[in-house]
Amino acid sequence: MLKIGIIGAGRIGRVHCESITRYVKNAVVKAIADPFITEETAKWAKDKGISEIYDDYKKILADKEIDAVLICSSTDTHSAISLDAIAAGKHVFCEKPIDHDVKKICKVLDALKESKVKYQVGFNRRFDHNFRAAQEAVAQGKIGDLNLVKICSRDPGAPPVEYIKVSGGIFLDMTIHDFDMVRYLSGSEVTEVFAYGQVLVDKAIGDAGDIDTAVITMKLANGALAVIDNCRRASYGYDQRAEVFGSLGQVAISNDTVSNAVISDANGVHAEKPLNFFLERYMGAYVAEVNEFIDSIVNDTPVPVDAVSGLEAVLIGLAAKKSLRLNAPVKLDDIRKEYSL
Ligand SMILES: NC(=O)c1ccc[n+]([C@@H]2O[C@H](COP(=O)([O-])OP(=O)(O)OC[C@H]3O[C@@H](n4cnc5c(N)ncnc54)[C@H](O)[C@@H]3O)[C@@H](O)[C@H]2O)c1
């Protein structure tokens, strides 16, 4: 039985802890660490059977019984904690993004070259049953040679402006999942990005230096084109759809709903709204990603989402940021050159 330490007891830390406690057969959570842990969270952790509750993650790293850690703390702590965990010989599951700073991500990649630990990045959408079915159809050649990848990704509501200010901007915070999805669905790399952005939801988001509505077009190495549309507010819930179109046909995925009941009456035909947000839509994906991380440790197989994927999505996000600033297309190679990659 693997012993796990969770670093960061906020929203996503608790989700992963619940997943392991309830659904993962060959792992238990032994410890949780958070410098700002609340009494309520500490009680919740005790109730889950977690024996050690710390304010300093280094106590988890010093515990020889702990095999792996899940880094679920605020983004600005991920790369430093990753380096400490790798040095301590712990397998790492790190929430997205590894960092906003490419140089810091590269330090993690360098540390991994010298180490045998597994390192998985939390791109949970790859484990969603719908996205995975679409990816499998593409990988099996059912769609033929690809022409287009289309992703629609809209949140039900904008986060507080205080969050926006430290988020790294919409492309590194929100679209980063969609950039990873373009790579995952197409099986190809992004070579060029053109991003448009507007502030149409909340002026305060613009005052904080960010945008809330975006369209990003991309060229891929396999010749196909991709387009993502984002908005921080969709009045009808969390809108997460995708389509891949090619020479043999297309595969499209839609939103999940609580039920697929459709009521028809004199006023029209009514169906359920999409599941409200990521905790509802992706709960199964969160369980699957942690299960596959544990399996990769137990079976000594490659992790399903590696640190290079973590880096690539950030590079595309930086290209999109630059494109928006310059109002011009940006080649990924130019971003790579900036960091001598
Ligand atoms: N993959 C996804 O779908 C998904 C969803 C939500 C959040 N995230 C990512 O997970 C991370 C956390 O997000 P959240 O929404 O849970 O935030 P949150 O604010 O709810 O939780 C973060 C927690 O980290 C703790 N923390 C800060 N510094 C720490 C340190 N040095 N050691 C241990 N704990 C520390 C904070 O006290 C807080 O409790 C972010 O990087 C975010 O991008 C990913």
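Here are two short exercises on the predicted model above, each with a worked solution.

Residue numbers start from 1 along each chain as its sequence is written. Since we're working with a prediction, local features need pLDDT of at least 70 and side-chain atom pairs count only at pLDDT 80 or more, while totals for chains, interfaces and linings use all residues.

**Exercise 1.** Work out which domains the chain has and how many residues each gives to the contact.

*Solution.*
- Step 1: grab the bounds, which come from an automatic or database domain assignment. Domain 1 covers 2–117, and domain 2 covers 130–277 + 312–338.
- Step 2: check the spacing. The C-alpha centres of domain 1 and domain 2 are 28 Å apart.
- Step 3: count the contact (C-beta atoms, placed from the backbone, within 7 Å). Domain 1 puts in six residues and domain 2 five residues.

**Exercise 2.** Find the strand order of the open sheet, then say which strands stand at its edges.

*Solution.*
- Step 1: set the rules. Strands are DSSP runs of E, at least two residues, and helices are runs of H or I, at least four, numbered from the N terminus; strands pair if DSSP finds at least two bridges between them.
- Step 2: read off the order. Seven strands run β12-β11-β7-β10-β9-β8-β15, with mixed pairing.
- Step 3: look at the ends. β12 (249–253) and β15 (330–331) each have a single partner strand, so one side of each has no neighbour in the sheet.
- Step 4: try one pair. β7 (residues 146–154) and β11 (residues 239–246) are antiparallel over eight bridges; Ser 153 has Gln 240 in β11 as its bridge partner.

Notes:
Two residues are in contact if their C-beta atoms, placed from the backbone, lie within 7 Å.
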